[in-house]
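Student: I should like to learn how to read the pockets and cavities of a protein model. May we work through an example together?

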Amino acid sequence: MFDDCSATTLDSVIRSPFARLNAVLDGIEPGGTPINFSLGEPKMPLPSFVQPELTRHLAEFGRYPPISGTSELRQAIARWLERRYPALNGTMDAQAHVLPLNGSREGLFSAVFPARARKPKIADACVLIPNPFYQVYAAAASVAGANPVFLPALEQNRFLPALERIDASLLARTLALYLCSPSNPEGAVADREYLAKAISLARRHDFLLFADECYSEVYANEPPPGALEVALAETGSFANVLSFQSLSKRSGLPGLRSGFIAGDPDFLSAFARFRNVACPQVPLPIQHVSTAAWGDEAHVEKGRTLLRANLDAADSILKGRYGYRRPKGGFFLWLNLANFGGGEAAVKTLWKGCGVKVLPGAYLTKPQAGQANPGQDFIRLALVHDTDTTREGLGRIVAALG
Ligand SMILES: Cc1ncc(COP(=O)(O)O)c(C=O)c1O
């Protein structure tokens, strides 16, 4: 049932959805003041500590930063993990379990190389990727010499890959499984039971679970469970499990380029050796801002207040239309526009008709063998603006589409 894209070429994988969107809208005049819902870039005000921290440490742009992060930053991350996931309390070793990154994307990409090196003998190695997916997963697999294998994450599976349907021969040659929860674009949340299943599979077949948790702090009510707390609860160890987290969505600081990877100390030690020679350091002033950001929850709660208001606006404007569901986590809406010619046609209609920019779902999905592209009917819409802009944009969509 899964596509083993052994013939996947780099060119077919590396296709930025945003470059494709710009190309498809090129030459079409927006039919109103543009509102951009296509990009997952939170628009909340900068947290108040950013400027003073940067100013205080400005001179440190004159020094090469430690690639494994300052001990203050690693401590701040370890303590944040323990507060966020109380089951981790007293277990996070800031040296062994945590590594700062230049945004989670850098780590999601570069971690595949040491994952490949862990299993050098597998000739036809593969990386398992949910479909829809964040494009970086597939690009990383391809350049690391592994086949990206796409696992449908459809509505009938609660928008998560059906783990029990992956066959043993595929699992035997798997280097890593990417799992995004809360998921982009569907807003699905993997519950503890699902995470436990994924972890047990990873351990049984000795591959890595790359848990992309960069939306872990973007939720209206219930904090989504995390892979590390479930790993620890199951066996008292982080073996085979890595969590990727970010300040981009949590703190509204996508331009800071700051995140971290945490978990399996053996893998982290190999990854740190690889990063020492292959990846850029996080600049020191950015590390200081990041230390402050992981230590503060007030600004994150403000972001969630805004998210709740935006989701309430979406409930009242979109309920009963376009297959709208209030997402369990993250700030994306995944809307079915099959009745409007499909995602790409609707994107053009909306831009031309009312100046609203959204992303065609098909740019985030791959066709499974012999089937239509599972994203072709959909659009992705990011609720990242203030509530007045959100109401205005959603209202324009309904007026333009009916
Ligand atoms: C699913 C997913 N993972 C990872 C990232 C990377 O985030 P960053 O590198 O800003 O931490 C993004 C960014 O949009 C994303 O949507």
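The dialogue below turns to the open and closed spaces, the ligand, and a few backbone features.

Student: What kind of model is this, and how are its residues numbered?

Tutor: This is a predicted model, in which local features need pLDDT of at least 70 and side-chain atom pairs count only at pLDDT 80 or more, while totals for chains, interfaces and linings use all residues. Residues are numbered from 1 along each chain as its sequence is written, and side-chain values use heavy atoms, with hydrogens and water left out.

Student: How is a pocket told apart from a cavity?

Tutor: On a 1 Å grid over the protein atoms alone, a cavity is a set of points where a 1.4 Å probe fits but cannot get out, whereas a pocket is an open set with protein on both sides within 12 Å along at least five of seven lines; lining residues have an atom within 4 Å of a point. Grid points are joined across faces, edges and corners, and a volume is the space filled by probe spheres set on the points. In this structure, the largest pocket holds about 770 Å³ of space.

Student: Which residues lie nearest the centre of the largest pocket?

Tutor: They are Phe18, Arg105, Tyr134, Val136 and Lys249, out of 33 residues that line the largest pocket. Two or more lining residues come from each of helix H2 (17-25), helix H5 (104-110), helix H7 (135-143) and helix H11 (247-250). Helices (H or I, at least four residues) and strands (E, at least two) are DSSP runs, numbered from the N terminus. H5 gives the most to this lining, with 4 residues.

Student: How is the lining of the largest pocket divided by class?

Tutor: Ala, Val, Leu, Ile, Met, Phe, Trp, Tyr, Cys and Pro count as nonpolar, Asp, Glu, Lys and Arg as charged, and the others, Gly among them, as polar. By these classes, the lining of the largest pocket has 18 nonpolar, 8 polar and 7 charged residues.

Student: Where does the ligand sit?

Tutor: A molecule sits in a cavity or pocket if more than half of its atoms lie within 2 Å of its grid points. Here the ligand sits in the largest pocket. A residue is near a molecule if one of its heavy atoms lies within 4 Å of it. The ligand is surrounded by 14 residues, the closest being Asp212, Tyr215, Ser246, Ser248 and Arg257. H5 contributes the most to this shell, with 3 residues, and by class the shell has 5 nonpolar, 5 polar and 4 charged residues.

Student: Which polar contacts does the ligand make?

Tutor: A polar contact is a pair of N or O atoms within 3.5 Å; within protein, one must be able to donate a hydrogen and the other to accept it, and residues adjacent in sequence count only if both atoms are side-chain atoms. An N or O atom in the side chain of serine 104 is 2.7 Å from an oxygen atom of the ligand. For serine 248, a side-chain N or O atom is 2.6 Å from a ligand oxygen. Arginine 105 instead uses a backbone N or O atom, 2.9 Å from an oxygen atom of the ligand. Taken alone the ligand exposes 400 Å², of which the protein buries 91%; accessible areas come from the Shrake-Rupley method with a 1.4 Å probe, and for residues only the protein chains shown count as cover.

Student: How many cavities are found in the whole structure?

Tutor: A search finds 2 cavities of 30 Å³ or more. The largest cavity has a volume of about 160 Å³. Its lining has 17 residues, and Met44, Val218, Gly303, Leu307 and Phe331 are the closest to its centre. Helix H14 (298-318) supplies the largest share of that lining, 6 residues. The second largest cavity holds about 70 Å³, and its 14 lining residues include Pro130, Pro132 and Cys180.

Student: Which peptide bond precedes proline 132, cis or trans?

Tutor: The bond from asparagine 131 to proline 132 is cis, with omega near 15°. Proline 132 lies in the loop between strand E4 (126-131) and H7.
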